[in-house]
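Here's a quick walk through this model, with the helix packing up front and the ligand site further down. Keep the viewer open as you read.

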Amino acid sequence: MSSRKQRFIPGIYNYCDYWCERCAFTRRCRNFAMGRALDRQVRGEPPIQDAANAEFWNDLAEELRETALFRSHDFGTDFFSEDADEPDPAWEAREAARREAVERHALCRHAREYMRQVAAWLKSAEADLKAYARSLAESDPPPFAPDDLEEEARGVGELMEVVSWYHTLIPTKISRAVGGLLEREEAGSPAANILRESRRADANGSGKVALAAIERSIAAWLRLREILPAQESAILNLLALLDRLRRGLRAALPGAESFRRPGFDDEPERD
Ligand code: SF4
């Protein structure tokens, strides 16, 4: 295995939560490296190193060569033929029906409801958070040493960041998972069969990311519930929604929990 392989974990960014600031794998993620290179370009800074760029593109080419889709199957001329650009009304109608079914699916509706409620909560809880900060600052005797007080405030901020980050990710990932789940079981060409299999695997991967986001959100809400007793009822409601989503996802996608996300669930190779 080449050293290039050891630098980037293939496909790690497909099943992450896009929270690069908190990611332990930025050095191993090609997406992150590319974003950083683009940032430098936008700022008018020179590229980091030609050697690093060469490594980047070589790695991409290597992964493409090794992709099962291209390694094991010959799609024949129809896949890349001139007709491939022609609209296919039957396919478009099927896709439109699938998108509608995804929108209507109970998991997606509940996930959107969760997102809506959290967005409202984030606005409404501000007063309680300020009151909590005041109560810490004004307590006599103080509940924490000054450094610990800062640590406590940072901790609360981080809990808010967690629920805030994941409340939009959860519906997105659930929609994607449900979309794969509703893919029609059609016998077809080798290419169609591979795409169908790939969508099923993607549904499990997206479901796994959604489950991880739900678990983290639950943990953050449980802690916020202790901190903000005035928000008890609203938080319990959100926890109930999350629990419903978690159970629904597990039932609809039994393969999600055992899906292995590159890097996050596999033992990464060392740099
Ligand atoms: S794997 Fe990590 S660094 Fe890469 S895109 Fe996802 S969160 Fe960002």
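## How α10 and α11 pack

In this predicted model, helix α10 (residues 190-227) and α11 cross at roughly 160 degrees. Angles over 145 degrees count as roughly antiparallel, so that is the label for α10 and α11. Their axes come within 10 Å, and α10 passes α11 in a left-handed crossing.

## α7 against α11

Helix α11 (residues 232-252) also packs with helix α7 (residues 106-124), at an angle of about 155 degrees. The axes of α7 and α11 are 10 Å apart. With the cut-off at 145 degrees, α7 and α11 are therefore roughly antiparallel to each other as well. The crossing of α7 past α11 is left-handed.

Now for a single residue in α7. Ala106 sits in this helix, and is it buried or exposed? Ala106 is exposed, because just 12 other C-beta atoms lie within 10 Å, and 12 or fewer is what it takes to be called exposed. Ala106 does have a partner from elsewhere in the chain: Val178 is 72 residues away in sequence, yet the two C-alpha atoms are 9.8 Å apart in space.

## The overall picture

Zooming out, the protein has eleven helices and zero strands. Read from the N terminus, then, the elements are one α after another. Of the 271 residues in the protein, 21% are buried.

## Two helices in the open

Where do α6 and α8 fit in? Helix α6 (residues 89-104) has 16 residues, and the number buried is zero, so α6 lies largely in the open. Its geometry checks out too: at 1.5 Å a residue α6 should span 22 Å, and its end C-alpha atoms are 23 Å apart, which agrees.

Helix α8 (residues 126-138) tells a similar story. One of its 13 residues is buried, so α8 also lies largely in the open. The expected span of α8 is 18 Å, and the end C-alpha atoms are 18 Å apart, so expectation and model agree.

## The loop between α1 and α2

The loop between α1 (3-7) and α2 (30-42) holds Asn14. Asn14 has 13 other C-beta atoms within 10 Å, so it counts as partly exposed. In sequence, Asn14 and Asp202 are 188 residues apart, but in space their C-alpha atoms are 8.8 Å apart.

Tyr18 is in the loop between α1 and α2 too. What is odd about the backbone of Tyr18? Its phi is positive, about 65 degrees, although Tyr18 is not a glycine. Tyr18 is exposed, because 11 other C-beta atoms lie within 10 Å.

## Around the ligand

Tyr18 turns up again in the ligand shell. The residues around the ligand are Ile12, Tyr13, Cys16, Tyr18, Trp19, Cys20, Cys23, Phe25, Thr26, Cys29, Asn31 and Phe32.

How does that shell divide by residue type? There are ten nonpolar residues, two polar and no charged. If you're setting up the site, bear in mind that Cys and Tyr are counted as nonpolar here. Among the cysteines in the shell are Cys16 and Cys20.

Conventions
Residues are numbered from 1 along each chain as its sequence is written. This is a predicted model: local features need pLDDT of at least 70, side-chain atom pairs count only at pLDDT 80 or more; totals for chains, interfaces and linings use all residues. Helices (H or I, at least four residues) and strands (E, at least two) are DSSP runs, numbered from the N terminus. A residue is buried if 20 or more other C-beta atoms lie within 10 Å of its own, exposed if 12 or fewer, and partly exposed in between; C-beta atoms are placed from the backbone. The expected span of a helix is 1.5 Å times one less than its number of residues. A residue is near a molecule or strand if its C-beta atom, placed from the backbone, lies within 6 Å of it. Axes are lines fitted to C-alpha atoms, for helices over the stretch in contact, and angles run from 0 to 180 degrees between N-to-C directions. Angles under 35 degrees count as roughly parallel, over 145 as roughly antiparallel, 65 to 115 as roughly perpendicular and the rest as oblique. A crossing is left-handed if the near helix is turned anticlockwise from the far one by less than a right angle, and right-handed if clockwise.
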